[in-house]
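Q: Please take a close look at the side-chain links in this structure, covalent and ionic, and set out the environment of each partner. A connected account would be preferred to a list.

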Amino acid sequence: MLLAGPPPTAAGDSRKSDIRLVSEHFSQSPQKLSFYSWYGSARLFHFRVPPDAVLLRWLLQVSRGSSPACANVEITVYFRYGAPPVINPLGTSFPANTSVQSPFFIKMLQSNASINISHPAPGDWFVAAHLPPSSQKIEMKGFAPTCAYIFQPDMLVVRAVEVFILEPDVPLPQTLLSHPSYLKIFIPEYTRELRLELQGCVSNGSLGCPVRLTVGSATLPRNFQKVLTCISPTWACHLFLPSPPGDRWLQVTAKSLAGPHVLVAFRAIAALTACRPWNLNSQHLLQSSPNQSCNASTGLLPPSPGCHGLGRSSRVGGGPFCLVSYPVIREDMDVVSVRFWPADRVSVLVRPATPSVMRLYLSTGMDSGGSLTISLQANKTAITNNTLVAVCLNAASPFLGFNTSLNCTTAFFQGHPLSLSAASRKADLIIPYPETDNWYLSLQLVCPESPEECEHASVLVETTLSLVPCLNDCGPYGQCLLLRRLSYLYAGCSCKAGWRGWSCTDNSTAQTVAQQRVATLLLTLSNLMFLAPIAVSVHRSFLVEASVYAYTMFFSTFYHACDQPGEAVLCILGYDTLQYCDFLGSGVSIWVTILCMARLKAAQKHLDRRGAWNMMGPCLFAFVVMVTMWVYRCGRRRHCYPTSWQRWVFYLLPGISMAAVAVAIYTSMMTSDNYYYTHSIWHMLLAGSAAFLLPPREQHTKPWACSQKLTCHYQICKNHRKDLYTVT
């Protein structure tokens with residue numbers, strides 16, 4: 001399937017190229033890769049492979065910035081047919097009863113790579129890529145060096161424009177020389193078996209059949225293509241395919257195994273074994289009951305062994321009867337949210353003679369971005385110790401071979417087996433990101449030890465079938481988020497409080513409720529340290545600074561109370577509002593502290609939120625103002641400012657040290673694990689440094705003299721900025 005050579009050429013020298021092939025190129029806009037933390041970190045690309053494609057080549061390109069931080073990083077790229085790849089880079093556990101296939105992936109160490117897939121299946125193909133798992137370190141934007149890794153996959157498809165139609169029971173003559181021959185046959189729905197045979201094969205006039213047939217299309221992560229090699233002329237060259245995928249074209253490629261100048265001729269013939277289902281309409285199902293299971297004359301239920309002598313050889317409408325088709329109602333609830341049920345909305349009658357089949361329509365192109373959940377429950381009194389309800393869930397075609405095997409394998413797909421018995425009357429199955437296709441749920445009653453017990457038995461099985469964006473809405477410690485790539489929508493779980501996994505069910509690193517409460521108390525109560533600079537400001541008549549510290553203490557407390565991931569959460573306002581107010585307060589607190597140290601007669605303010613320069617810009621400007629004023633005072637007074645060594649030793653140096661430690665912790669020591677402790681220390685150091693760094697009060701100002709500055713009530717007050725008098 002994976003080829004190392006270049007794709008066939010569509011044009012050029014006719015001696016080397018096949019003029020029956022054309023190449024088509026598809027591209028999408030590049031995306032910036034992210035370090036992996038959850039499924040939303042992976043970048044998804046969605047392509048559609050056209051019919052009659054004989055080769056698919058992925059051209060993978062990665063570009064990175066030129067900064068020193070751009071080192072060689074291993075990039076993981078996943079490929080899957082029919083649905084987005086289910087990946088697990090962190091090695092977390094999946095929910096119980098989840099069926100997950102290991103994805104096909106490659107790791108890129110260089111900037112470019114390519115992957116070739118011969119005979120690709122037509123339809124949806126997905127590519128996902130991400131950087132290695134992200135570190136737990138919390139870095140402030142603007143402080144840590146960053147590098148942009150840009151990933152772009154291009155799809156090159158080589159498609160056959162001359163394809164021979166192989167009709168059932170009609171021999172198709174073929175001649176092979178240097179190029180393969182491309183054939184296809186249409187498989188009707190509910191085809192029970194396909195027999196493909198080569199007849200009259202000769203090579204340059206002598207007996208022998210050096211031909212290799214490749215039947216079916218390649219899919220990832222699994223590939224169930226069938227390869228038939230015909231060499232010996234002494235035995236018939238044929239291939240049997242049970243339950244081939246219905247209502248679609250099946251690709252067949254014939255290639256000569258002889259030399260490049262050896263002529264090989266043969267006749268290809270395909271025979272289909274039809275399977276006529278017994279279709280039950282809604283009106284019949286609403287009127288039927290288990291007591292009518294042997295009343296074949298009503299037309300409600302199919303005949304079975306023991307009912308009027310009719311058995312497996314019964315025919316309906318001239319064709320062999322092979323299954324009971326239950327009509328299914330599909331109800332679209334929301335985006336990637338669908339509910340299925342039988343037409344009677346209750347249960348499915350399962351019998352021993354033939355399987356009962358329900359078809360689930362997941363072929364709209366938008367159904368592969370959720371999780372398919374299957375829940376089955378059998379009647380308590382219907383199943384005996386020697387009976388078993390065998391269940392298979394398959395894509396593309398139903399499984400019909402319960403009488404010979406229970407492995408749920410069809411011609412090209414491996415299904416998902418389930419069973420209901422007296423010991424276990426309930427079965428559940430979860431399939432994340434099911435392939436875009438028609439899915440079939442097949443149920444049949446079997447008696448492995450005593451087949452005679454099944455002749456007159458039947459079991460009612462209740463079904464709960466649905467497609468959900470996220471299983472259990474990601475639980476109490478996760479958030480179900482809807483992701484989008486162009487027009488394609490898919491869902492993923494973003495976990496919190498240390499929970500991990502596909503549905504946030506992995507508690508290996510989860511926080512207990514006590515730990516959550518301790519973390520909340522640390523992050524909120526640590527803000528009480530701002531009472532110290534508030535008291536100092538009021539004592540020294542810095543009313544504006546005291547107001548800013550009080551504002552910061554209030555919103556930082558309630559922001560962190562709302563920001564917690566678990567049960568200890570309290571939100572008095574919207575999360576975004578609290579976050580903005582917290583970031584604003586932190587920056588303004590540093591701003592006003594530095595400006596106050598400058599001993600200006602008037603204050604200036606400016607801020608935004610998030611990012612280093614949103615906080616550092618105003619603070620650096622204030623720092624420049626402070627240094628300028630100190631230098632000015634030093635020059636005017638002819639000695640260092642501040643003048644007192646006690647001021648340096650007992651106030652400025654401790655305050656600067658606390659501020660330096662706070663900045664170091666904030667920029668380089670915070671991780672996801674120690675965030676609750678380090679950020680609480682940041683609160684206390686920030687507030688403590690503000691209390692130490694505030695300058696002493698003015699010489700002629702009395703302590704706690706704020707009330708003297710608030711004498712303007714309903715009286716004439718003077719505006720010091722404008723030499724005017726106004727009434728307030």
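A: A disulfide is taken here as a pair of cysteine sulfur atoms within 2.5 Å. The model under discussion is a predicted one, and by this rule it contains seven disulfides. In general terms, such a link is a covalent bond between the sulfur atoms of two cysteines.

The account may begin with Cys230 and Cys237, which are joined by a disulfide with an S to S distance of 1.4 Å. That distance satisfies the cut-off, because the sulfur atoms need only lie within 2.5 Å. The torsion about the S-S bond of this pair is about -45°, so the disulfide is left-handed. For the surroundings of each partner, a residue is called buried when its relative accessible area is under 20%. Cys230 has a relative accessible area of 1% and is therefore buried. Cys237, at 6%, is likewise buried.

A further disulfide is formed by Cys275 and Cys322, whose sulfur atoms are 1.3 Å apart. The torsion about the S-S bond is 65° here, and the link is right-handed. Cys275 sits in the loop between strand 20 (264-274) and strand 21 (276-279), while Cys322 belongs to strand 23 (residues 319-326), so the pair ties together parts that are 47 residues apart in sequence. With a relative accessible area of 5%, Cys275 is buried. Cys322 also counts as buried, at 3% relative accessibility.

Cys470 and Cys480 supply another disulfide, with 2.1 Å between their sulfur atoms. The S-S torsion of Cys470 and Cys480 is about 75°, so this disulfide is right-handed. Cys470 is placed in the loop between strand 33 (459-468) and strand 34 (478-485), and Cys480 in strand 34, with their positions 10 residues apart in the chain. The two partners fall into separate classes of accessibility: Cys470 is buried at 7%, whereas Cys480 counts as partly exposed at 25%. The class of Cys480 follows because 25% is not under the 20% required for a buried residue, nor over the 50% required for an exposed one. Two further cysteines can be placed on this scale: Cys581 counts as buried at 11% relative accessibility, and Cys596 is buried at 8%.

The ionic contacts come next. A search of the whole structure finds 11 salt bridges. One of them pairs Glu24 with Arg159, the closest N and O atoms being 2.8 Å apart. Glu24 lies in strand 1 (residues 21-27) and Arg159 in strand 10 (residues 149-160), so this contact ties together parts that are 135 residues apart in sequence. Glu24 is partly exposed, with a relative accessible area of 23%, and Arg159 is partly exposed at 22%.

In another salt bridge, Asp124 meets Arg48, and their closest N and O atoms are 2.4 Å apart. This pair links distant parts of the chain, with Asp124 in strand 9 (residues 123-133) and Arg48 in strand 4 (residues 43-49), 76 residues apart. The partners have opposite labels on the accessibility scale: Asp124 counts as buried at 6%, but Arg48 is exposed, with a relative accessible area of 53%.

The side chains of Asp52 and Lys184 also meet in a salt bridge, at 3.5 Å from N to O. This contact again links distant parts of the chain: Asp52 is in the loop between strand 4 and strand 5 (53-64), Lys184 is in strand 13 (residues 181-187), and they are 132 residues apart. Asp52 is buried at 18%, and Lys184 counts as buried at 15%. Elsewhere, salt bridges with shared partners join Arg330, Asp332 and Asp367 into one network.

Charged residues without such partners also deserve a look. Glu449, Glu452, Glu453 and Glu455 gather in a patch of negative charge on the surface. Membership of a patch requires over 30% relative accessible area and no salt bridge. Among these residues, Glu452 lies in the loop between strand 32 (437-446) and strand 33. Glu452 is exposed, with a relative accessible area of 51%.

Conventions. Residues numbered from 1 in each chain as written. Predicted model: local features only at pLDDT ≥ 70, side-chain atom pairs only at ≥ 80, totals over all residues. Heavy atoms only, no water. Buried < 20%, exposed > 50% of the residue type's maximum accessible area, 1.4 Å probe, protein only. Helix = DSSP H or I, 4+ residues; strand = E, 2+ residues; numbered from the N terminus. Patch = residues over 30% accessible without salt bridge, like charges linked within 9 Å, V, L, I, M, F, W, Y side chains within 5 Å. Areas by Shrake-Rupley, 256 points an atom, 1.4 Å probe, with all protein chains shown as cover. Salt bridge = Lys/Arg side-chain N within 4 Å of Asp/Glu carboxyl O. Lys, Arg positive; Asp, Glu negative; His and termini not counted. Charge placed at Lys NZ, Arg CZ, Asp CG, Glu CD.
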